[in-house]
Every structure is written in C-alpha cells, then in structure tokens.
Amino acid sequence: DTALELLVGRGATIGPVQHAGSVTLTRQVNVQGGVSTGRDTIVGAGCHVAGGIDAGGRIILQNAQVSGPIRADGDVYLLGNCRVADVRAGGDIVVFGSPRTGRLEPGGRVATRAF
C-alpha cells in the first residue's frame, strides 16, 4: 500500500519522523532526531540521524551514521561503513562489510557477509 510509505529525496533535511508505514531515507538526508516507523525502515548512503531508530519491521542501513540505538521487530541489515549504537532485532542481524556497532542483540542469529 503506497499510502503507508514515506520517501525522502536527495539533499533533504527533516525533523523527527513518526510514521505508521515504511520509511525510506535516501542520500544526504539529515534527520536530527529519532525515527519511529510501523513497518520497514531503509536509511541510505550519506544519511545522519542523530537519534535512535525503532521499526515495526526490518531495518536496512547502508553507510549511515545513527547516534542512538537501533530496535527492529524484524531483521536488521548493516551494510558497509555504517556507524550505530546498540542493535536489537526481533529477527536476524546480518552484517555486510565492516560496520561499527555497539552490542548486538538478535532475536535469531548474527550472520556476516562480504560486502
């Protein structure tokens, strides 16, 4: 359902986001606060959040800087050179490349893959 999706375009600067659906934050987005979504959250390359991210689904981070903890009801994918605090997932935590993180708390397993 596209009515439950929030997409943020290149170069945008937005405040805290709370959304009942899926959220996609693309390149050069700077959120300055927390992001809370009812479904999946995707944070693209070059993003900076400066808060935590809570998602009712999975979280996918690529080359992002997030200063707060990550909490997902589903899987969490950490891709490339992202920096995050502690990560808690209801499902698996899959690590690609060499992200920097705090403690990892998966509901399933932790898997590593080459990036």
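## A tour of two parallel sheets

Select isoleucine 60 first and look across to S9: its bridge partner there is tyrosine 77. Keep in mind that this is a predicted model.

**Stop 1: around the first pair.** Now widen the selection to residues 59–62, strand S7, and residues 76–79, strand S9. The two strands pair in the parallel sense, over 4 bridges.

**Stop 2: the whole seven-stranded sheet.** Bring up the other strands of this sheet. There are 7 strands, and the sheet is open. Read across it in the order S1-S3-S5-S7-S9-S11-S13. The pairing is parallel. Go to the two edges next: S1, at 5–8, and S13, at 110–113. Each has a single partner strand, so one side of each lacks a neighbour in the sheet. Turn the view to follow the twist, which averages 10 degrees from one strand to the next.

**Stop 3: from the S1 edge inward.** Select S1 together with S3, residues 22–25. Parallel again, this pair is held over 4 bridges. Pick leucine 6 and find its bridge partner in S3, valine 23. Step on to S5, residues 41–43. S3 and S5 pair in the parallel sense over 3 bridges. Click threonine 24, then isoleucine 42, its bridge partner in S5.

**Stop 4: serine 22.** Stay in strand S3, where serine 22 sits. Is serine 22 buried or exposed? Its relative accessibility is 18%. The cut-off for buried is under 20%, so serine 22 counts as buried. Which residues does serine 22 touch, leaving aside neighbours within four places in sequence? Show Leu4, Glu5 and Leu6, then Arg39 and Asp40: serine 22 is in contact with each of these.

**Stop 5: the six-stranded sheet.** Hide the first sheet and select the even-numbered strands. What order do the strands of this sheet follow? The order is S2-S4-S6-S8-S10-S12, an open sheet of 6 strands with parallel pairing. At the edges, find strand S2 (17–19) and strand S12 (104–106). Each of these edge strands pairs on one side only. Look along the strands here: neighbouring ones are turned by 0 degrees against each other on average, direction ignored.

**Stop 6: a pair inside the second sheet.** Select strand S4, residues 35–37, and strand S6, residues 53–55. They run parallel and are joined by 3 bridges. Finish on valine 35, whose bridge partner in S6 is isoleucine 53.

Methods: Residues are numbered from 1 along each chain as its sequence is written. This is a predicted model: local features need pLDDT of at least 70, side-chain atom pairs count only at pLDDT 80 or more; totals for chains, interfaces and linings use all residues. Side-chain values use heavy atoms; hydrogens and water are left out. Two strands pair if DSSP finds at least two bridges between them. Axes are lines fitted to C-alpha atoms, for helices over the stretch in contact, and angles run from 0 to 180 degrees between N-to-C directions. Buried means under 20% relative accessible area, exposed over 50%, partly exposed in between (1.4 Å probe, protein chains only). Contact means heavy atoms within 4.5 Å.
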